[in-house]
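Welcome! Let us walk through this structure together, one region at a time.

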Amino acid sequence: VATASTTSTTPARRSSRKKVDTGPSQQVKQEHRQQTQSSQPVLSSAYLDRHVSKNDLVRRLRSVVEALGDEDLEPDNTLYPGLDGLAAALVEERLLSHRDKEVRLYTVLACMEIFSLYAPEAPWDEGEVLRVFAQMIRQLANLAHCTSQTQANFMNYFRLL
């Protein structure tokens, strides 16, 4: 008797799961909503300011670079109001001239993404643009020490090219 009641409730559970299951278009919308919600705070200067350590800053800069690489991102979009502030924060001396090479690398990578996003007009003045390019040249010099694809940051230096 117990076996019969177990088998009779199992199909009901499966059918209720099918009713709750969303279709492919709903799943895509949910994923897009989650990506948008998670990427909104990343694209702001406040996100970078909240770091608690050098490793946290590197992780945050890496997230910024990934978010800026989104092809659907537009600088005038109201979904990303902190983008101008982020661009301003990236050219501050505390990031461009940071003592850690990974912070400088990811800062330059983020600046290159900002350049491509705002093209043909950079969001910085001439002096800031020159500082970004000077740091980029310093970062490219690290390719002399990083000759194999298996070495740390090789792909990031290659990406700068």
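To start with a single residue: is N153 buried or exposed? N153 counts as buried, because its relative accessibility is 15%, where buried means under 20% relative accessible area, exposed over 50%, and partly exposed in between, with a 1.4 Å probe and protein chains only. You will find N153 in the loop between α8 and α9. Its backbone deserves a look too: N153 has a positive phi of about 70°, although it is not a glycine.

Before going further, please note that this is a predicted model, in which local features need pLDDT of at least 70 and side-chain atom pairs count only at pLDDT 80 or more, while totals for chains, interfaces and linings use all residues. Residues are numbered from 1 along each chain as its sequence is written, and side-chain values use heavy atoms, with hydrogens and water left out.

Now take in the whole chain. The protein chain has 9 helices and 0 strands, where helices (H or I, at least four residues) and strands (E, at least two) are DSSP runs, numbered from the N terminus. Of the 161 residues in the protein chain, 35% are buried. The accessible surface is about 10,300 Å², and carbon and sulfur atoms hold 52% of that; such areas come from the Shrake-Rupley method with a 1.4 Å probe, and for residues only the protein chains shown count as cover. Contacts here mean heavy atoms within 4.5 Å. Among contacts with a separation of 6 or more, 58% join residues 24 or more positions apart.

Next, the interior. Nonpolar side chains in soluble globular proteins tend to be buried together. The largest nonpolar core in this model has 40 residues, and those with the most contacts inside it are L48, L68, L83 and L90. A nonpolar core is a set of buried Ala, Val, Leu, Ile, Met, Phe, Trp, Tyr and Cys residues joined through side-chain atoms within 4.5 Å. At least two residues of this core come from each of α3 (45-49), α4 (54-68), α5 (83-90), α6, α7, α8 and α9. Helix α7 gives the most, with 12 residues. To see how one core residue is packed, pick L83: leaving aside its neighbours within four places in sequence, L83 is in contact with L43, L68, E74, P75, I114, L117 and Y118.

A charged-residue name on the buried list may catch your eye as well. R60 is found in helix α4, and R60 counts as buried because its relative accessibility is 11%. Not counting residues up to four places away in sequence, R60 touches Y47, L48, R50 and H51.

Let us turn to α7 itself. This helix has 18 residues and reaches 26 Å from its first C-alpha to its last, close to the 26 Å expected at 1.5 Å a residue; the expected span is 1.5 Å times one less than the number of residues. Helix α7 is mostly covered, with 15 of its 18 residues buried. At its N-terminal end D100 acts as a cap, with a side-chain oxygen 3.0 Å from the backbone nitrogen of E102. K101, found in helix α7, is partly exposed, with a relative accessible area of 47%.

Following the chain out of α7, you reach P120 in the loop between α7 and α8. The peptide bond from A119 to P120 is cis, with omega near 10°.

What lies beyond is α8 (residues 126-141), a helix of 16 residues. D125 caps its N-terminal end, placing a side-chain oxygen 3.2 Å from the backbone nitrogen of G127. The buried residues of α8 are V129, V132, Q135, M136 and Q139. Seen down the helix axis, these fall within an arc of 130°, so they line one face of α8; the arc is that of the directions from the helix axis to the C-beta atoms. On the other side, E126, L130 and I137 are exposed. The cover over the buried residues of α8 includes α6 (93-96), α7 (101-118) and α9 (154-160).

Finish with Q135, which is buried, with a relative accessible area of 3%. Not counting residues up to four places away in sequence, Q135 touches L96, R104 and V108. The C-alpha atoms of Q135 and L105 are separated by 8.6 Å, although these residues are 30 residues apart along the chain.

Note on methods. Polar contact = N/O pair within 3.5 Å; in protein donor to acceptor, adjacent residues only side chain to side chain.
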